[in-house]
Amino acid sequence: MNGYSLLEHTLQNILHSINPSEEDWSMRFQLIHELRAVVESIEILRGATVEPFGSFVSNLFTRWGDVDISIELPNGLHISAAGKKYKLSLLGDVLKALRAKGGCRKLQFITNARVPILKFQGNNNISCDISINNLSGQMKSKILYWINMIDGRFRDMVLLVKEWAKAHNINDSKTGTLNSYSLSLLVVFHLQTCVPAILPPLKEIYPGSMVDDLTGVRASAEKFIEETCAMNINRLMSNKSRVINRSSLSELFISFIAKFCNISSRASAQGISPFTGQWEDIVSNMRWLPKTYTIFVEDPFEQPLNSARGVSTKQLTRIEEAFRSTHFMLCSSNLNENEVISTLVKPHVSKFVARISGNQNNYSRNGLRPQLQGQRAIHPPLQAHHQRQAQRAIHPPLRAQHQPQAQRPINPPLQAHQLQDKRMNRNQNSTVQGPTQAIRVQTQTVWRPKSGV
C-alpha cells in the first residue's frame, strides 16, 4: 500500500469513526426540545423561538459536536433587533431558569464577547451555546449546507481538518487559535484555489454581504437570500462545460496542508477571501483597512468581518508549525498508519479508528467516498431511509443513489421549529404548541424555487 493509498484508507476510517449516528442526532434534538420548554417557562421570553444553527444545521458536526442555539425574540413579521445590554439581561434569565431546572453542568456566561453567549453541558455530555437573535448565524449555516451539496468532499474535508486541528490544539479561539468557522472557510478557500477549482468564489453564490440583507420582514429577507443562492448554485451545477476535479480525498488533504505551510509569513501581507476566492493584498484592500490582525480570513457572508480575528501572533506561529510538521510526516517515504492516526486525531478518537474494518466497501455514509462535482444535485437534507416517512426529521444528506440533477433543485433546510417538531413527532403529522401559538408540522419543504436546469 503506497502513501496515498494508506492515507486514503486512514482518512476514510476516521470519517467513519467521527460521523454522527442516528442516536447522536436524536440526543441533540432532545436537548433542543428541552431547551424550548425552559424558554417557554420564562415570562419575558414568551413568544420567542429556539432555533439551532452552526455545524448541527450545516451538517458539519461530528458525534462529539456541540449545539449552537439562537433564541429569536418575537417582533411580529419583522426581524428582531436587540442591544447587547438587553441580550445580556435575557441570557441572565435563561441562566437562572437552567439552574432552577437542574441537570445542566459547566454553566458559563460569556459577557465580554462580541456576541454574548451562555454555555452549558446537558445530558449525554452535549455542550450547548446559547445566543440571542443570531439569525445571521442561521443563514450562514444554511449556505454552508448548500455548499456541501455542490461537492461532498467539502464536508469530508471540514470534518477531517477540524479533527486534525483539535489534535494539534489549534482549534480554540479562547486560546488565540482558529475557531471552527474559520477552519471551514479555509477548506472553502482551498477548494476554490485548487486546480481545477471545486468550489466557485462565494460571490457567485451570493453577491454582496448577506448579513446586510437581513432586514425588514424576516420571511421576505430569508426567501430572497435562499432563492438567490438556489438560482446560482443550480446554474453552477447545470453548467456542463465545468472542468471536473477528480482529486481523491487524500490528495486534497495533503494539498490543503501544503497550501498553508507558510501561513504565518504570508498572513502579514495577504488575507484570505472566500468571497473572491483568492488571496487579497491587505494594503490594497480598502474593506480591511485600517483594521490590522495577525491573520485575516474574511467572512464571505458578513464582509469585511474577520472570522479569525482572535488569532494571536504567538499562536499563529504554532498554527504554521502544525501545518509544516503534518506536511513533513505525510510526505514521508515510510508512512506508518499509527503515526498518521496519531497526527490527525486526538487519542480518544484514535481508539474508534482502530476498531474500524479496512473494508471500504462496507461504508454507506454519504460523502465517505470522494464524490465528484456533477454527481451531487442540490437537495434538502434527507436520509434515504427517511424519504418514505415525511413525518421524520429532515436533516442529514441522502445516503442512497442520487436522483438526476434536473429532478432536484436546491431547497433550504427546514426552519428550526420544523426540524424539532418533525423529529419529536416522527410517526405522524401533529400540531405542536409553540411559546404562544400552535405550529403545524409540515410534511413538505417550505418553498421550491424555480430551477433553470
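A residue counts as buried when its relative accessible area is under 20%. The exercises below concern a predicted model.

**Exercise 1. The chain as a whole**

State what fraction of the residues in the protein chain is buried, and describe the secondary structure and the contacts of the chain.

*Solution.* Applying the cut-off to the 453 residues of the protein chain, one finds that buried residues make up 56% of them. The secondary structure of the chain comes to 14 helices and nine strands. Turning to contacts with a separation of 6 or more, residues 24 or more positions apart account for 71% of them.

**Exercise 2. The surroundings of Ser250**

Decide whether Ser250 is buried or exposed, and list what surrounds this residue.

*Solution.* Begin with the position in the chain: Ser250 lies in helix α9, which covers residues 249-259. The relative accessible area of Ser250 is 1%, and because the cut-off for burial is under 20%, Ser250 is classed as buried. Next, take the polar partners, where the side chain of Ser250 makes a polar contact with the side chain of Ser248 at 3.0 Å. Finally, leaving aside residues up to four places away in sequence, Ser250 touches Tyr4, Leu7, Glu8 and Leu11.

**Exercise 3. Helix α9 against helix α11**

Classify the orientation of α9 and α11, and give the composition of their contact by class.

*Solution.* Two packed helices are described by the angle between their axes and the distance between the axes. For α9 and helix α11 (residues 313-330), the angle is about 140 degrees and the axes are 8 Å apart. Since roughly antiparallel requires an angle over 145 degrees, the pair is oblique, and the crossing is left-handed. The contact is made by Phe253, Ile254, Phe256, Ile257 and Ala258 of α9, together with Phe323, Thr326, His327 and Leu330 of α11. By class, this contact has seven nonpolar, two polar and no charged residues.

**Exercise 4. Helix α5 against helix α8**

Repeat the classification for α5 and α8.

*Solution.* The axes of helix α5 (residues 135-150) and helix α8 (residues 218-237) come within 11 Å and cross at roughly 15 degrees. Because angles under 35 degrees count as roughly parallel, α5 and α8 are assigned to that class, while the passage of α5 by α8 is a right-handed crossing. From α5 the contributing residues include Leu135, Lys142 and Trp146, and from α8 they include Arg218, Glu222 and Cys229. Sorted by class, the contact of α5 with α8 has 11 nonpolar, one polar and four charged residues.

How values were computed: Residues numbered from 1 in each chain as written. Predicted model: local features only at pLDDT ≥ 70, side-chain atom pairs only at ≥ 80, totals over all residues. Heavy atoms only, no water. Helix = DSSP H or I, 4+ residues; strand = E, 2+ residues; numbered from the N terminus. Buried < 20%, exposed > 50% of the residue type's maximum accessible area, 1.4 Å probe, protein only. Polar contact = N/O pair within 3.5 Å; in protein donor to acceptor, adjacent residues only side chain to side chain. Contact = heavy atoms within 4.5 Å. Axes fitted to C-alpha atoms, helices over the stretch in contact; angles between N-to-C directions. Parallel < 35°, antiparallel > 145°, perpendicular 65-115°, else oblique. Left-handed = near helix turned anticlockwise from the far one by under 90°. Nonpolar A, V, L, I, M, F, W, Y, C, P; charged D, E, K, R; others polar.
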